[in-house]
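Reader: I should like to learn how to read a structure of this kind, one feature at a time. Please give the general idea first and then the case at hand.

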Amino acid sequence: MDYFSHPFMSNSKLSSYARELGLIPEISDKNQFDNYRLGTLFDLLITEPERVDRLNGKLIGTDYSFTKEEFNKSSKMASSFYKSAIYTKIKPFDLEFQKEIYDENFKLFGLPIPFKAKLDIYLPGWVLDIKTTDAT
């Protein structure tokens, strides 16, 4: 079964429900949307570079398109990530990018909730979540 159609709960589903209930704001502001779009580009440059169509300025599987300047800036950011102290230390190990995990007995406030997650970078004992800004 495809990760996005899997019935288990995820952070994305929880965020969607919270938006529907008015607990967190919609991503309606153009600046917020652009930040999300650019964060997606940066994330995919590192974790799924095969989904980046540099020739046409698009990401495969999305409606997002990018200017040459946006691609250049994100590529420089990805290069900085590859030179970072943490990445150079973990690079020799068997890293898994976009690892999917499923847990039927995840507990939330003591209640079991079938949970799924798609981890940016996974190494046994480590999970790295790639962000370009502060995120909750």
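**Reading the model**

Author: At 48% relative accessibility, Ile60 counts as partly exposed. The term belongs to a scale: buried means under 20% relative accessible area, exposed means over 50%, and partly exposed lies in between (1.4 Å probe, protein chains only). Please note that this is a predicted model, in which local features need pLDDT of at least 70 and side-chain atom pairs count only at pLDDT 80 or more, whereas totals for chains, interfaces and linings use all residues. Residues are numbered from 1 along each chain as its sequence is written, and side-chain values use heavy atoms, with hydrogens and water left out.

Reader: Where does Ile60 lie, and which residues is Ile60 in contact with, leaving aside its neighbours within four places in sequence?

Author: Ile60 lies in the loop between strand 2 and helix 3. Helices (H or I, at least four residues) and strands (E, at least two) are DSSP runs, numbered from the N terminus. Contact means heavy atoms within 4.5 Å. Leaving aside neighbours within four places in sequence, Ile60 is in contact with Glu50, Arg51 and Asp53. Ile60 and Glu50 are ten residues apart in sequence, and their C-alpha atoms are 8.4 Å apart.

Reader: How many helices and strands does the protein chain have, and what pattern does it follow?

Author: The protein chain has four helices and five strands. Read along the sequence, they follow the pattern α-α-β-β-α-α-β-β-β. The C-alpha trace spans about 45 × 40 × 30 Å along its principal axes. Of the 136 residues of the protein chain, 30% count as buried. Among contacts between residues at least 6 apart in sequence, 50% join residues at least 24 apart.

Reader: How should one read a single helix, such as helix 2?

Author: One may begin with its span; the expected span is 1.5 Å times one less than the number of residues. Helix 2 (residues 30-47) has 18 residues and reaches 25 Å from its first C-alpha to its last, close to the 26 Å expected. One may then ask what is hidden. Buried residues of helix 2 include Asp34, Arg37, Leu41, Leu44, Leu45 and Ile46. Their cover includes strand 1 (52-53), strand 2 (58-59), helix 3 (68-83), strand 3 (96-108) and strand 4 (111-123).

Reader: Which residues of the largest nonpolar core touch the most other members?

Author: A nonpolar core is a set of buried Ala, Val, Leu, Ile, Met, Phe, Trp, Tyr and Cys residues joined through side-chain atoms within 4.5 Å. Of the 19 residues in the largest one, Leu41, Ile46, Val52, Leu59 and Ile121 touch the most other members. Two or more residues come from each of helix 2, helix 3, helix 4 (85-90) and strand 4. Helix 2 gives the most, with five residues. Val52 touches Leu41, Leu44, Leu45, Lys58, Leu59 and Phe71, not counting residues up to four places away in sequence.

Reader: Is Ser74 of helix 3 buried or exposed?

Author: Ser74 is buried, because its relative accessible area is 4%. With residues up to four places away in sequence not counted, Ser74 touches Leu38, Leu41, Phe42 and Leu45.

Reader: How does one read a salt bridge, and how many salt bridges does the structure hold?

Author: Side chains of opposite charge can pair when their charged atoms come close. A salt bridge is a side-chain nitrogen of Lys or Arg within 4 Å of a carboxyl oxygen of Asp or Glu. The structure holds five salt bridges. In one of them, the side chains of Arg37 and Asp34 meet at 3.4 Å, N to O. Both lie in helix 2, three residues apart, about one turn of the helix. An α-helix has 3.6 residues a turn, so residues three or four places apart point the same way.

Reader: What other residue does the side chain of Arg37 meet in a salt bridge?

Author: The side chain of Arg37 also meets that of Glu70 (2.7 Å, N to O). This pair links distant parts of the chain, with Arg37 in helix 2 and Glu70 in helix 3, 33 residues apart. Asp34, Arg37 and Glu70 are thus linked in a network of salt bridges. Arg37 counts as buried at 9% relative accessibility, Asp34 is buried at 16%, and Glu70 is buried at 18%.
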